[in-house]
Structure formats: structure tokens, C-alpha cells
Amino acid sequence: MSVITPTAATTMRRITELDNSGIATVIRAVSAEYGLTADKGYTVADPNLDELYQLYSQPGHAYWVIEQNGHVVGGGGVAPLSCSEADICELQKMYFLPSVRGQGLAKKLALVALDHARAQGFKRCYLETTAFLKDAIGLYEHLGFEHISEPLGCTGHVDCEVRMLKNL
């Protein structure tokens, strides 16, 4: 029996329309794993969840998927922060299946997203998460995000009590 190393068949690329169902499935699975329910304003409540390609095809938006052995196993993106200053983007929808966590893929994707945001003219990047996602918070702190006390924009994430901002 041959063993394929996870990194050998793992790629990161921009989302395509064919990825819509795959990344929606990942987001729903990870949300269920952590109890991130729609009634609390988490991503699973997003009316565009099944159409992320269309959402992230708009100006100033970008989304990347992580594909392993032909299957979408994670993703993340950036978009202008709604109801906010024009120079602030938001790091959004960073979700990864357990099988690919701990391999540095979230960091790699976040760095690509932040570089893209800079190239689009954004000066700051905002994110919201929840306190029990300790690994994610650790990554964001490592990337230079700083905790802020008040929410920015109008994200609708009512239970995301961790808010962070990074100068680009």
C-alpha cells in the first residue's frame, strides 16, 4: 500500500464556481464540530454560503480554497468590511477540516490574503472569531493582529466576542 503525504497532493488556489458546494460543506462541518450555529450569527447563517464564488468575484473580494487529493478541505478570504471605512477589509471564512490542520496551511492562506488586500489598497484588516478557537486566535496574533475591544462594521456575528485588527 502506498502512502501519499498530505502536502504532496495539497494545493491552494482561487475559488471557482465548481468549489461552491465543497467549501460550503467544509464550513458546515467545521461549524458543527465547534457548535457555531446559525442562530448566533456565525458563517453558517450567511445567505451566500452556497455561492461563495459569486460573492468573492466582486471587486475587492478574494477567496482561496485548499484542495487535497481533488477535494476541498479548507478555505479563507478577504472582502471589504461592510459599513466601515473604505480602507478596512475583513479576513473571512477561514475554515479547515481536521485532516489538514496543523500543517501551516491557514498561515499560508492568510498571508496570501493579506498580500492581496494590500495590493487592493486596503490599509487595515479586521477579523472576528470566538474565544474557544484558541489555535485560530494564536495564528492571528502570530500574524500581527491585535485585539480590539469594540466591533467594527456590521458583520452580523453577534457571538464573535474576539475582535482583532492588523495594519497592513
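**Notes on the sheet and its helices**

1. The core item here is an open sheet built from seven strands, in the order E1-E2-E3-E4-E5-E7-E6, with mixed pairing. Strand E1 (10-14) and strand E6 (146-148) sit at the edges, each pairing on one side only. On average, neighbouring strands of this sheet are turned by 25 degrees against each other, ignoring direction. Keep in mind that this is a predicted model.

2. Now for one pair in detail. Strand E2 (residues 62-68) runs antiparallel to strand E3 (residues 71-80), and seven bridges link the two. In this pairing, Tyr63 stands opposite Gly77 in E3.

3. Next, the helices on the sheet. Helix H1 (residues 20-34) packs on it and touches E2, E3 and strand E4 (88-96). The direction of H1 makes about 90 degrees with that of E3. Helix H4 (residues 134-142) also packs on the sheet, where its contacts are E4, strand E5 (124-129), E6 and strand E7 (162-167). For H4, the direction makes about 20 degrees with that of E7.

4. As for the overall layout, the protein has four helices and seven strands. Read from the N terminus, the elements go β-α-α-β-β-β-α-β-α-β-β.

5. Some whole-protein numbers to finish. Of the 168 residues, 44% are buried. Taking contacts between residues at least 6 apart in sequence, 64% join residues at least 24 apart. The accessible surface comes to about 8,500 Å², and carbon and sulfur atoms account for 53% of that.

Definitions and conventions: Residues numbered from 1 in each chain as written. Predicted model: local features only at pLDDT ≥ 70, side-chain atom pairs only at ≥ 80, totals over all residues. Heavy atoms only, no water. Pairing = 2+ DSSP bridges. Axes fitted to C-alpha atoms, helices over the stretch in contact; angles between N-to-C directions. Contact = heavy atoms within 4.5 Å. Buried < 20%, exposed > 50% of the residue type's maximum accessible area, 1.4 Å probe, protein only. Areas by Shrake-Rupley, 256 points an atom, 1.4 Å probe, with all protein chains shown as cover.
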